[in-house]
Each structure stands twice: as C-alpha cells, then as structure tokens.
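Colleague: Could you take a close look at the largest cavity for me, starting with what its lining is made of, and then show me how the strands are arranged?

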Amino acid sequence: APTSTTTPATTVTGLGLPPGTRFTIDETRPDVPVLVMSRFRGGFVDQASFYNQSADYVVYPDGLVLFNVGDWSQTARYEAGRLDVETLATALDEATNAGVLEPDVEFGEPGITDMGDAVVIVNEAGRATRTVSAYALEFSDQDDILPDKGVARAALRELFDTVDTYERLDGAPEDPDGARGPDRYVVRALTAFDDEGDGAAADWPLDAELAPDIEGCVELTPAQFAEIAPTVLDAESNTTDWTVDGTAVRLTFAPRFPTEPGCTI
C-alpha cells in the first residue's frame, strides 16, 4: 500500500489532525472517486434490500458527483451533478482536520437499534484506500452520545450535507472515455422463482456461469450488465426473475464503484 504523506493524527483533542493539514486530491487518477458515500448501509432490512444497498454519492476529483436517484425498492441508478472544486477541497480539508476521514476515528453509538451505518470510502493521494463508518448518523442528538463523539458525528454529517449541495447536470457528464461510473455489478441469487414475482421469468441472455447459484454471488462487467440493463432497470422491484439453464432464480443487482467491495461482503 502507498505510504501516507499526511501528518499522523496526534492532536490533544484526540479527534482531529494538526491544524492546517490538507487533504490531497489525487488528480492523477480522475476516474477513481475521492469519496464513495452511503448514508445507510446494513440495518434491519429485508434480504433483497440489504444486498441492493448502493452508494448515495460518488465524488470525483474534478467535482463530478454521481448521485443515486433510486430507492431500495429498485436497483440503484445514477445521474450527474457538479460540486464546485473549491467547495469540495474546503469540505475535505475540514473533514480531515476534524479527523473524521481516519479509519480509527470513533463516532459513538446512540441507544437505538436496527439502524444502519453511514459509510464513506476515502481515496487520497499517497495513501491507501480507507473506510470510515458511523452507526445511525442521522440520530446524533441523543443524550447518550459523548461530547467528543458528537463533534465527530457533526463533522461527518457536514461532509454529507456539503456534497448534497451539488448542481444537477442536464445530459451526460463530460466523460469521453466512459470510464467514470460503476466498474462492476454485484449479482446475488436470493431464491428460486415463485409465484410472488411480477410476471414470468425472463430468459438469461448471458453465459450460465455469469448467473450465481442460489445464495451465491458473481460480479458482472459494465458491458455484461448492459445486455440485461433494460430488464433490470425497468423493473418495479429491486429483484428480477430469470430462467438460467431451465432453473428460475430471483436476482438482485447492485452497482459498485472503484475501491468499493463487491462479493466479499
């Protein structure tokens, strides 16, 4: 892994980095997101919704933001926005100085059950990919949150709120190579098809080995997913039913971006 070029976290507060520490955006990798952000991962949800959970915001070095316009009832789909580069840089510097982009930061846990984690995957120049997560971030005003943990939670929420100020773009973003976007689609098989599905199962047009076994998982390339995208994205559900070599299965599809885990979770 690359060696960190950032000053180690050694402040008296135990929360932030030394004043003036800057976040270094890796402009040499324009197709790798600076941030992959999810407001809610995990939690007490049904199996299909759990596997269908995908990033809410994907932020690139030049301020391009891909934002999820779907919800858990459908497979995620993304549209494009633009965040001012200076606004992005300032937000990253502030989050860095608050210490909330370090993997060992502690956010505390409110006394509430069955909620998910806010998760941020961070890609910074000269450092290995790191992940931070905060349980039930939207419930940060609980009395059982210690003051220093409350400060950390507020700083992470501020980062989410700043990213959410993007300006929506009309049409496709400037991406001549088509390289910015999901680099894989995680496919999981939940169960054999039953009569609860909407309509008949569709014939699987790809090779049979590209469909997972029951409770299994495979990863499709964007080109492979494109062959089935109309059926998946037009569905009114976060699952679709397919017949693979005579066997009917119910599948979920979740886009994954560079540095995001795939079938490993």
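Modeller: Sure, cavity lining first: by class, the largest cavity is lined by 4 nonpolar, 1 polar and 2 charged residues (Ala, Val, Leu, Ile, Met, Phe, Trp, Tyr, Cys and Pro count as nonpolar, Asp, Glu, Lys and Arg as charged, the others, Gly among them, as polar). Bear in mind that this is a predicted model, where local features need pLDDT of at least 70 and side-chain atom pairs 80 or more, while totals for chains, interfaces and linings use all residues. Numbering starts from 1 along each chain as its sequence is written, and side-chain values use heavy atoms, without hydrogens or water.

The lining residues are Asp26, Arg29, Val32, Pro33, Val34, Pro61 and Asn123. A cavity here is a set of points, on a 1 Å grid over the protein atoms alone, where a 1.4 Å probe fits but cannot get out, and lining residues have an atom within 4 Å of a point. The volume, about 30 Å³, is the space filled by probe spheres set on the points, with points joined across faces, edges and corners.

Now the strands (DSSP runs of E, at least two residues, numbered from the N terminus; two of them pair if DSSP finds at least two bridges between them). An open, antiparallel sheet of 7 strands runs E6-E5-E1-E2-E3-E4-E7. E6 (130-135) and E7 (167-168) stand at its edges with a single partner strand each, so one side of each has no neighbour in the sheet. Strand E5 (residues 117-122) is joined to E6 by 6 bridges, and Val119 has Ser133 in E6 as its bridge partner.

Notes
Helix = DSSP H or I, 4+ residues; strand = E, 2+ residues; numbered from the N terminus. 1 Å grid on protein atoms, 1.4 Å probe; cavity = no way out; pocket = protein on both sides within 12 Å on 5 of 7 lines; lining within 4 Å.
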